[in-house]
Amino acid sequence: MIVKTDTINSRLENWLNTHQPDKVVVVTSESSFKLCLPKLSIHKKLDNVVYRLPDGDDAKTIEFCQDFWSVMMRNDANRKSVIIAVGGGAVLDFSGFCASVFMRGLACIYVPTTLLSMVDGSEGGKTGINFYGTKNIIGTFSEPNLVLRNIEFLTTLTKNEIFSGWAEILKHGILEGGEIFKQIQGGIKPFSDEDYWINLIRLNIEFKKSITSADFKEKGQRKLLNLGHTFGHGLEALFFEDPNITHGKAVANGIYWETLLALELGFTNEENLRIVENLIFPLYPKIGWNKFQVEEIGNLLMHDKKNENGWIHFTFSKQIGAAEYNIEVAKQRILHFLDKHAEDVESIEDIL
Ligand SMILES: NC(=O)c1ccc[n+]([C@@H]2O[C@H](COP(=O)([O-])OP(=O)(O)OC[C@H]3O[C@@H](n4cnc5c(N)ncnc54)[C@H](O)[C@@H]3O)[C@@H](O)[C@H]2O)c1
């Protein structure tokens, strides 16, 4: 649900009055605690427990889960309690996971505060934490009891966070090929254009819901949503020490490189690649790799949990509004592609 600033608190109060939880546990991150929680009336209720996580994926660990569950127990939280997650996708994933297994599941409300979590992470019921260096490897499928999205939260986001969310909107637009695709042609509009953003977020949620409700546990068509993410995760992992290579830039570039690969394998045409390039490169810098990184990025692509036995699984855009999932490409073929498009630098010494 997308709610205006003046109604978010009444919606939240209505839910609490109707369900009468015996304890409210608010989970948030440092930034959302400072910038977003003060805008909510639950902030003023002294009996609420407030659990603060570090910003970003540092929160999605088993250690924080254990600490959080112990706080829940010390505060006598039980099945009649509710967790309210106020934050970006990391806070929602963490809270949704902790709520889904504590006492075999208690109520959870999501208040997403980033663009990415409004259009993606708050929809579709995936929860999870990272473990032994693998993202989201421990988790559950569990839907929140209520989601309240308010675009006013977006005004404090950094440019990088806006571009992260926009990369998922581009992905949805390319897959959907209808109203979302039409709306994103003009690039990123200011958040002061409330009607535009409310409409765009609504369209994105409806699109994601149309896919995930038909395939909740990702046996088939939900894999369409992996567009750009196989290559994107590879690039993100390759440059994990470089703060300039953010998730959004990696995913946007992932969509481009996967579409170029699709073209070379005969799954799409030049025109589709040109449309994809025109959506991505006015906004995101191009991220490539060097010759000496080909083997490493090839291994990183194989490391993805969706891949097995020397084959990498892709979702390819065939044309705007049409994509195909479960396309297996042999690792050797990917290495050839990576080598063909690598910058001509043979070793790290050549750039230092
Ligand atoms: N469950 C799903 O379906 C799903 C889908 C996509 C992504 N994810 C997960 O979501 C996470 C990424 O989500 P994200 O992009 O929201 O990142 P995030 O949660 O790490 O938030 C990004 C940064 O923005 C800060 N922030 C949050 N709200 C803010 C605000 N209003 N103003 C200023 N700063 C604010 C956060 O504290 C953090 O530092 C990853 O862990 C990813 O795995 C989950």
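How many residues surround the ligand, and which are the closest? The legends below begin with that view.

**View 1. The shell around the ligand.** This is a predicted model, in which local features need pLDDT of at least 70 and side-chain atom pairs count only at pLDDT 80 or more, while totals for chains, interfaces and linings use all residues. Residues are numbered from 1 along each chain as its sequence is written. The ligand is surrounded by 30 residues (C-beta atom, placed from the backbone, within 6 Å of it), the closest being Ser31, Asp55, Gly88, Gly89 and Thr114. At least two residues of the shell come from each of α2 (30-35), α4 (89-101), α5 (115-121), β6 (134-138) and α6 (159-176); helices (H or I, at least four residues) and strands (E, at least two) are DSSP runs, numbered from the N terminus.

**View 2. The surroundings of Thr28.** Thr28 belongs to strand β1 (residues 24-29). Thr28 is buried because it has 27 C-beta neighbours inside 10 Å, the cut-off being 20 or more other C-beta atoms within 10 Å, with C-beta atoms placed from the backbone. Beyond residues up to four places away in sequence, the contacts of Thr28 include Phe33, Val50 and Val91; a contact requires C-beta atoms, placed from the backbone, within 7 Å.

**View 3. The contact of α9 with α12.** The axes (lines fitted to C-alpha atoms over the stretch in contact, with angles from 0 to 180 degrees between N-to-C directions) of α9 (residues 229-238) and α12 (residues 294-303) come within 9 Å and cross at roughly 125 degrees. Thr230, Gly234, Ala237 and Leu238 in α9 meet Glu296, Ile297, Leu300 and Leu301 in α12.

Notes:
Buried ≥ 20, exposed ≤ 12 C-beta atoms within 10 Å, placed from the backbone. Contact = placed C-beta atoms within 7 Å.
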